[in-house]
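Please walk through the structure below with an eye to its buried polar side chains, its pocket and its cores. The account starts from one residue and widens from there.

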Amino acid sequence: MLRSVILAASRSATIERLVATAPFSRDVVRRFVGGTNIDEALTAAAALTGAGLTISVDHLGEDTATPEQASTVRAEYLALLDGLGRAGLAARSDVSVKLSALGQRFDEPVATEHARAICVAAASVGATVTLDMEDHTTTDSTLDILHALRVEHPDTGAVLQAYLRRTEADCRELATPGSRVRLCKGAYAEPESVAYQSAIDVDKSFVRCLNILMSGPGYPMLATHDPRLIAIGEDRARWFDRAPEEFEFQMLYGVRPAEQVRLADEGYTMRIYLPYGTDWYGYLMRRLAERPANVAFLGRALRSRG
Ligand code: FDA
C-alpha cells in the first residue's frame, strides 16, 4: 500500500517540486546518487573500482518527451563512455541505459539508433551496455530492441523483472550462450493482471527465474540486496558448478555497501549500479518505495514545506 502511494508520488510534479527543494533532500540524494555530472560520476566510479567492485553507470533521466532531449541523452552517454575510457575504467564498466530516455515512447526506431550508437561507443572503449527494464508497457518493445542490438553487439545486457508473470518464459528465451541477463525483483507499480503483488510470490518467482538462468548457458547477473536470495544465488552457483567469472551479483550505489565489499572479497564479481545526473527524482522515489524506513525522509520533506 505504502509502496504504491510512493510510486504514485513519483509521477507527481507537485511532490517532485516539494522534494527537490526540501532541505533534507541533498543528503539522501548524495547517498543514492554518485554525482550530478560526468566528472563527479568518474570520481565515484574510480572509488568503487578501487575497492575491487565493477560498475554499471546510469545517466539519470527517463520518459524523454522530445527528439532533441533524446539526442542530448545519447551525446551524454558517448561523453560518459569517452570519460570512462580516458580514466582507464572502461574494462570494469558497463553503462545502464533506459530506452525511454532515448525516445522509445514516441519513436522506437530512433531510440534503437541512439542505443546502437551507445553500443558502438561502449565497444570502442571495451565497456558493455545493459538496457534497463521499465514498466510492463515497454517490455516487448525493449526486448525487440535488445534483439536488434544483439545482432552486432551480442554482449548487450537485458533486464528481467521477477514480479512479472511472463518473466519465467522470458528467462527461458534469453538463457542462450553468452547472454547477459540481469534478474531483479522489479521497481514499478504494476497491476495484478501482469505482476505478482505479494513479496513472497515475487521472491518465489525470483528463485524460479534464478534457477533457469543459473542452470543455462548464459551469463546471469543477480541484482538484489535480499540476503536470502543472495544465499540462494551462491548455493546455485555451487550446485551448477559456476565459476565466479561465470555470473555476477549486482547492487545499487549506497545500498548495503558493506555487503557489496564482502561479496567482492569472497571472490565474486560485484557490480554497482551507479546513477548520476540532476534528474534524480523518479529514481530516488523508487528507492524510497523499496524500504519503508526511508519513507520518514519523505514525510519530513513534505512537512517542512507544507
Ligand atoms: P528488497 O526490496 O526486498 O530488499 C531486500 C533488503 O535489501 C531490504 O530488506 C533492505 O535490507 C535492503 N534494501 C533494499 N532496497 C533498499 C533501499 N532502497 N535502501 C536501503 N536498503 C535497501 N528494477 C527495474 O524495474 N528495472 C531495472 O532495470 C532495474 N535495475 C536494477 C539494477 C540493479 C543493479 C539493482 C540492484 C536493482 C535494479 N532494479 C531494477 C531494482 C529492483 O527491481 C528492486 O526494486 C530493488 O533492487 C530492490 O529489491 P531487492 O531485490 O533488493 O529486495
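Not counting residues up to four places away in sequence, Arg-287 touches Phe-32, Ala-187, Leu-252 and Asn-294, where contact means heavy atoms within 4.5 Å. The model is a predicted one, in which local features need pLDDT of at least 70 and side-chain atom pairs count only at pLDDT 80 or more, whereas totals for chains, interfaces and linings use all residues. Residues are numbered from 1 along each chain as its sequence is written, and side-chain values use heavy atoms, with hydrogens and water left out.

Arg-287 is found in helix H12, which covers residues 281–290; helices (H or I, at least four residues) and strands (E, at least two) are DSSP runs, numbered from the N terminus. With a relative accessibility of 7%, Arg-287 counts as buried, since buried means under 20% relative accessible area, exposed over 50%, and partly exposed in between (1.4 Å probe, protein chains only). Its side chain makes a polar contact of 2.6 Å with the side chain of Glu-290. A polar contact is here a pair of N or O atoms within 3.5 Å; within protein, one must be able to donate a hydrogen and the other to accept it, and residues adjacent in sequence count only if both atoms are side-chain atoms. Arg-287 also illustrates how the chain returns on itself, for 280 residues separate it from Leu-7 in sequence, while the two are 9.7 Å apart in space, C-alpha to C-alpha.

Both partners of that polar contact reappear in the largest pocket, whose volume is about 1,300 Å³. Of the 46 residues that line this pocket, the closest to its centre are Lys-185, Gly-186, Ala-187, Arg-287 and Glu-290. On a 1 Å grid over the protein atoms alone, a pocket is an open set of points with protein on both sides within 12 Å along at least five of seven lines, a cavity is a set of points where a 1.4 Å probe fits but cannot get out, and lining residues have an atom within 4 Å of a point. Grid points are joined across faces, edges and corners, and a volume is the space filled by probe spheres set on the points. Helix H12 supplies the largest share of the pocket lining, five residues. By class, the lining has 23 nonpolar, nine polar and 14 charged residues, with Ala, Val, Leu, Ile, Met, Phe, Trp, Tyr, Cys and Pro counted as nonpolar, Asp, Glu, Lys and Arg as charged, and the others, Gly among them, as polar.

Strand E7 (248–252) is among the elements that give two or more residues to the lining of the largest pocket, and two of its residues deserve a look. Gln-250 lies in E7 and is buried, with a relative accessible area of 6%. Glu-248, placed in E7 as well, is buried at 1%. A polar contact of 2.7 Å joins the side chains of Glu-248 and Gln-250, and Glu-248 has a further side-chain polar contact, also of 2.7 Å, with Arg-271. The side chain of Gln-250, for its part, is joined to that of Arg-182 by a polar contact of 2.8 Å. Beyond four places in sequence, Glu-248 touches Tyr-219, Pro-220, Met-221, Leu-222, Thr-269 and Arg-271.

Tyr-219 and Pro-220 also belong to the lining of the largest cavity, together with residues including Leu-174, Val-181 and Leu-213. The search of the whole structure finds one cavity of 30 Å³ or more, and its lining divides into six nonpolar, three polar and no charged residues.

What remains is the nonpolar packing. The largest nonpolar core has 68 residues, and those with the most contacts inside it are Leu-84 and Val-95; such a core is a set of buried Ala, Val, Leu, Ile, Met, Phe, Trp, Tyr and Cys residues joined through side-chain atoms within 4.5 Å. Helix H9 (residues 199–215) gives the most to this core, with seven residues. Apart from it lies another core, of 19 residues, among them Phe-32, Val-255, Leu-284 and Ala-289. Phe-32 brings the account back to its start, as one of the residues that Arg-287 touches.
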